[in-house]
Amino acid sequence: MLDVRRLYMLKTVAARGSITAAARSLSLTAGAVSQQLAALRADVGVDLLRPDGRTVALTEAGRVLLEHADRILRAMEEAESAIAAVKGTVGATATLAALPSTVTRIVAPALTALAVRHPQLTVTCSLTDQAQLRELALGTVDVVLGQRYHHTPDATPGGIDVSPLLDDPLLVVTAADRGDDRPVALRELAAHDLAVPPPTTECGQAVLQGCRRAGFTPVPRYLTADIAAQLTLVRAGLATALVPRTALDPDASGIRTAPIADHPIRRVLFAATRHTGNANPTTTAVIAALRTAAQDGGRAACPPPDRV
């Protein structure tokens, strides 16, 4: 009989592209993963992986086995969700992957609320901008708090359920002693020294396309995806930034915010889980807390313009 853990290792290696990367994500040694894959190869009697430069690739037999492994692993998760639904109780652990820009207004309030409502539940949180939905599909996280900018197509993988949480506009952020509170036409920023994310990021692409719709191509003075760094430059009077509203601390000092008057740039924040036929009480509780925090965070006032 095939070992389910070995099937999951095969799936992880195929997704990561190498045994070393798979071992790192599984918190195992490369040797341990290699031994388990060798045992799986012995079980089926045919090679499942082949060298492909510095990576590995599935053989034809490996692709066939992975197709069945995916169905087996999904069936196991369905069974676990069905039992959890019958029990109707929130479990002891959950894993959440979230964007760093959502920590202040959404993640921290949500985790605080969960600790009060479900003290038995421990949520492990990974803060990253990278490949969150892939991690969800692999099963390394249970819930993703992700984003999609309005200019980008929906690239949600199959088998993933997405629940929109909040429409989150980008705001123009300047030093507190500059400008006023009126909405800013995006084309006005052509004359500003901008601190924006690189165009290789989702936000950077959104800013670039928004500015082009407004009639100019921005030439940023500072390129960084680090919002804290952007705000430091803004406070020093060195730059103007475009920052998602929920990424701004309501108690932040030294900055002034204003909405974009034309060509708004917005992202949709969403919660995502793997699709199951039965709602899992644990992931349902996590998403409910994220939704409440997102709604409250969306209503929160932006930093007052006279805060210095």
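This report walks through two pockets and three helix pairings in a predicted model.

## The largest pocket

Let us begin with the pockets. The largest pocket has a volume of about 1000 Å³. It is lined by 38 residues, and those closest to its centre are Leu73, Glu77, Gly139, Arg274 and Thr276. Several helices and strands take part in this lining. Those that give two or more residues are the helices α1 (4-16), α4 (60-87), α6 (132-138) and α9 (281-299), together with the strands β3 (93-98), β6 (160-175) and β11 (266-274).

Which element gives the most to this lining? That is α4, with nine residues. Sorted by class, the lining residues of the largest pocket are 14 nonpolar, 14 polar and ten charged.

## The second largest pocket

The second largest pocket has a volume of about 870 Å³. Its lining is made of 36 residues, and Leu99, Asp129, Gln147, Tyr149 and Glu202 lie nearest the centre. The helices that give two or more residues to this lining are α5 (103-117), α6, α7 (202-213) and α8 (227-235), and the strands that do so are β5 (143-149), β6, β9 (240-244) and β11.

Here β5 gives the most, with four residues. The classes in this lining are 20 nonpolar, eleven polar and five charged residues.

If you compare the two lists of elements, you will meet some names twice. Among them is α6, which gives two or more residues to the lining of the largest pocket and two or more to that of the second largest pocket. The strands β6 and β11 likewise appear in the list for the largest pocket and in the list for the second largest pocket.

## How α1 packs on α3

Now for the helices. Two packed helices are described by the angle between their axes and the distance between the axes. For α1 and helix α3 (residues 30-44), the angle is about 115° and the axes are 9 Å apart. The two helices α1 and α3 are therefore roughly perpendicular to each other, and their crossing is left-handed.

Which residues meet here? From α1 come Arg6, Leu7, Met9, Leu10 and Val13, and they meet Val33, Gln36, Leu37, Ala39, Leu40 and Asp43 of α3. By class, this contact has eight nonpolar residues, one polar residue and two charged ones.

Arg6 is a good residue to look up in the structure. Arg6 is found in helix α1, and it touches Gln36, Leu37, Ala39, Leu40 and Asp43, leaving aside residues up to four places away in sequence. The C-alpha atoms of Arg6 and Val33 are separated by 8.6 Å, although these residues are 27 residues apart along the chain.

## How α1 packs on α4

Helix α1 has a second partner to explore here. The axes of α1 and α4 are 9 Å apart, and the packing angle is about 120°. That angle falls outside the 65 to 115 degrees that count as roughly perpendicular, so α1 and α4 are oblique to each other. The crossing of α1 and α4 is left-handed.

On the α1 side, the contact is made by Val4, Leu7, Tyr8, Leu10, Lys11 and Ala14, while α4 brings Gly62, Leu65, Leu66, Ala69, Asp70, Ile72, Leu73 and Met76. This contact of α1 with α4 counts eleven nonpolar, one polar and two charged residues. Leu73 may be familiar by now: this residue of α4 in the contact is also one of those closest to the centre of the largest pocket.

## How α2 packs on α3

The last pairing is that of helix α2 (residues 19-26) with α3, whose axes come within 8 Å and cross at roughly 110°. That makes α2 roughly perpendicular to α3.

In this contact, Ile19, Thr20, Ala23 and Leu26 of α2 meet Ala30, Val33, Ser34 and Leu37 of α3. The classes here are six nonpolar, two polar and no charged residues. Val33 and Leu37 of α3 take part in this contact with α2, and they also meet α1.

Key: Residues numbered from 1 in each chain as written. Predicted model: local features only at pLDDT ≥ 70, side-chain atom pairs only at ≥ 80, totals over all residues. Heavy atoms only, no water. 1 Å grid on protein atoms, 1.4 Å probe; cavity = no way out; pocket = protein on both sides within 12 Å on 5 of 7 lines; lining within 4 Å. Points joined across faces, edges and corners; volume = space filled by probe spheres on them. Nonpolar A, V, L, I, M, F, W, Y, C, P; charged D, E, K, R; others polar. Axes fitted to C-alpha atoms, helices over the stretch in contact; angles between N-to-C directions. Parallel < 35°, antiparallel > 145°, perpendicular 65-115°, else oblique. Left-handed = near helix turned anticlockwise from the far one by under 90°. Contact = heavy atoms within 4.5 Å.
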